[in-house]
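Trainee: Can you walk me through this one? I'd like the layout before I set anything up.

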There are 2 protein chains.
Amino acid sequence: MSAAAVTKDVAREFGTPVAMVDLDVVDRNIRRVQAACDAAGLANRPHIKTHKSPMVAAMQREAGASGITCQKLGEAEVFAAAGHLDILISYNLMGRDKIDRLAALMPKARLTVAADNPVTVAALSEAAEKAGRTLPVVVECDTGRKRAGVESVGEAVGLAAGIAASPGLAFAGFLLYPPETAMAETQAFLDKASLGVRELGLEPAIVSTGGTPNLAHLGRIKGATEHRPGTYVYNDRMTMAAGAATLADCALSVVTTVVSRATSARGILDAGSKSLTADLGTLDGYGFVREHPNARIHALAEEHGFLDLSRCEAPPAIGDVVSVVPNHVCVVVNLMDSLVAVRGGKIVGEIPVAARGRIR
Amino acid sequence: MSAAAVTKDVAREFGTPVAMVDLDVVDRNIRRVQAACDAAGLANRPHIKTHKSPMVAAMQREAGASGITCQKLGEAEVFAAAGHLDILISYNLMGRDKIDRLAALMPKARLTVAADNPVTVAALSEAAEKAGRTLPVVVECDTGRKRAGVESVGEAVGLAAGIAASPGLAFAGFLLYPPETAMAETQAFLDKASLGVRELGLEPAIVSTGGTPNLAHLGRIKGATEHRPGTYVYNDRMTMAAGAATLADCALSVVTTVVSRATSARGILDAGSKSLTADLGTLDGYGFVREHPNARIHALAEEHGFLDLSRCEAPPAIGDVVSVVPNHVCVVVNLMDSLVAVRGGKIVGEIPVAARGRIR
């Protein structure tokens, strides 16, 4: 059955707007990235922030993934409950609520947590003490992204020493999320930081790198032990723009209906910012309409996608169903309770987004 | 108890990021807008897209609201099940799934639906026939916003005639969402369209206007019978920028923790685009930090808010909890399963966002 036919089937059965995932493409994406990690001698620890679905993590595990990465404790709770027990939480945790929940989760899963500051280290130590277990902690290092992460080798080594000295904690290594343009700087940082901790008698057993765009650089950071790719499982316009995917690699589309056509040059989709999100990145427009490549989604209201059809030779009519590749699939998935799964051009079920909204 | 104290209580009890709603402010917003509608002689039919909570709609009803407005059928299903039975669906419905669900909902609620095209009219007629009931339909008219709605008086009158001639449907009036700058054009359109349908023996019993910014123009459209304000219930940076609210009218804040401080000028919040959304509108930055008015949230990753603290005299430390007024509260609420309710500086419960994610 053709792609167009299954899109219409999905619209008819579920109504629009609805997110549709092609599992054949997901399989291919998972296999390709697993093979790349294997070839580079790196463990593959996919970031579940993209799919938030234990069902998809199971596909990644079956293909050879060594564990999962979660951004938030709430995601880790959901995935641990679903049997994904080897979890890296790549985020600074702190505060009463997080300490108590982390202590409660520790006996149920094999956790590693990242830290870039002493407040987090103290919180992790309190949780570990409360759980009566040892918690491995990696030092998050910033090598140019200016997000989280210590800025200097000195801070990295100092924090490693602080972790090693904290009750209940064990220094486990380094967490990196290098900008694609800063491979040399990242290598230099890692080499010095590794030397520094070794002088203290500590071993960076884990050196974790991240990012789907960084798959192109897999194996370039010497000393890396694992990679945390996220978006590759579904892909989107952003990974395409980064050169990390082609349209054929985009597994998720938002199936939506043209519900208004006020003039020959204008149309309205029933997908707006509550389906596609306002995430623009550096892209032009809010999604790619597969059936009408010359259509442009130039603006969004909450439930309206504003279509500029002036460059379409055969613009869609009212009632036509189209499928839109979103700009940023991770935030789109986080709006959905479930995704419709298709395979071989047929609807095969639904994928619950079990950790949707687990932002804390 | 002070605002700062309850913010910390919310963080301690629920963890961050979490959305907090001050019910004292909500009460005030509801009373103010109801009084304005009463004074203008307009029925108040609040748009529930902002709060998606039957609990909040009940507060609006108790204050005098005549019914509710829903953007999507899925919202109407949730609100009807919660006992809100007088519902205007201000959106073009079509397609098999919508027709069947609309037919199923008709016996359970007093529905009115908008249409701007014959495909929707045919779908509504099929649903009404299936339900064996009469469905009132209003013609959506565009008077400058270039979103949905017929563009000309001729189309409006023609569609009204088509509705009146369709089995199961009754022409009920006009749905307007005038730009704040197009009051005169809107009046002229409405006057001509009303004349046109009256010549056909049809009466525009409902003339519905919309928008929180348009509250400033309440009563200016002669012939209007009701208004559909949405955002006023919580307010946000966008309604503030539109002059429709002050900071004291903003009822919802995202409570978030500073989880990283790499340098003196930089900080990271644990609220990113999965909590605040990337919705920028025409604003600078992704939210207003109440405790640090000179801080600027200059970028968002999914779970990171990038703080520029260079203009803060007393920047927040790691672990500090702050509250952020979002740019666009409607899309933020749509990310949350529930909101923490406070009143008089104390936590009083949670508000389930029952229609969250009901985009279809």
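Mentor: We'll take the chains, the contact between them, a sheet and two residues in turn.

Mentor: This is a predicted model: local features need pLDDT of at least 70, side-chain atom pairs count only at pLDDT 80 or more, and totals for chains, interfaces and linings use all residues. Residues are numbered from 1 along each chain as its sequence is written, while chains are lettered from A and ligands numbered from 1 in the order in which they are written.

Trainee: How many helices and strands does chain A have?

Mentor: Chain A has 10 helices and 17 strands. These are DSSP runs, helices being H or I with at least four residues and strands E with at least two, numbered from the N terminus.

Trainee: And what is the radius of gyration of chain A?

Mentor: 22 Å, close to the 21 Å from the globule rule for 360 residues, so chain A is as compact as a globular protein of that length. The radius is taken over C-alpha atoms, and the rule is 2.2 Å times the number of residues to the power 0.38. Along its principal axes, the C-alpha trace of chain A spans about 70 × 40 × 35 Å.

Trainee: What percentage of chain A is buried?

Mentor: Buried residues are 58% of the 360. Buried means 20 or more other C-beta atoms within 10 Å of the residue's own; exposed means 12 or fewer, partly exposed is in between, and C-beta atoms are placed from the backbone.

Trainee: Switching to the pair. What turn lays chain B on chain A?

Mentor: A turn of 180 degrees, with a shift of 0.0 Å along the axis and an RMSD of 0.0 Å. The two copies are thus related as by a two-fold rotation axis. Superposition is by least squares on C-alpha atoms of residues with pLDDT of at least 70 in both copies. In chain B, the residue closest to the axis is Ala278(B), its C-alpha at 2.7 Å.

Trainee: How many residues does each chain put into the contact?

Mentor: Chain A gives 58 residues and chain B gives 58 residues. Contact means C-beta atoms, placed from the backbone, within 7 Å. H1(B) supplies the largest share of chain B's side, 4 residues. That side divides into 21 nonpolar, 17 polar and 20 charged residues. Nonpolar covers Ala, Val, Leu, Ile, Met, Phe, Trp, Tyr, Cys and Pro; charged covers Asp, Glu, Lys and Arg; the others, Gly among them, are polar.

Trainee: Which surface does each copy use?

Mentor: 100% of the interface residues of chain B are also interface residues in chain A, so the copies meet through the same surface.

Trainee: What is the strand order in the sheet of chain B?

Mentor: S2-S9-S8-S7-S6-S5-S4-S3, an open sheet of 8 strands with parallel pairing. S2 (43–44) and S3 (68–70) of chain B are the edges, each with a single partner strand, so one side of each lacks a neighbour in the sheet. Strands pair if DSSP finds at least two bridges between them. S2(B) has 2 bridges to S9(B), and Ala43(B) is the bridge partner of Glu226(B).

Trainee: Where is Ala224(B)?

Mentor: Ala224(B) sits in the loop between S8 and S9 of chain B. Ala224(B) is buried, with 25 other C-beta atoms within 10 Å. Ala224(B) touches Leu42(B), Val207(B) and Thr209(B), leaving out residues up to four places away in sequence.

Trainee: Last one. Is Cys250(A) buried or exposed?

Mentor: Buried, with 23 C-beta neighbours inside 10 Å. Cys250(A) lies in the loop between H9 and S10 of chain A.

Conventions: Contact = placed C-beta atoms within 7 Å.
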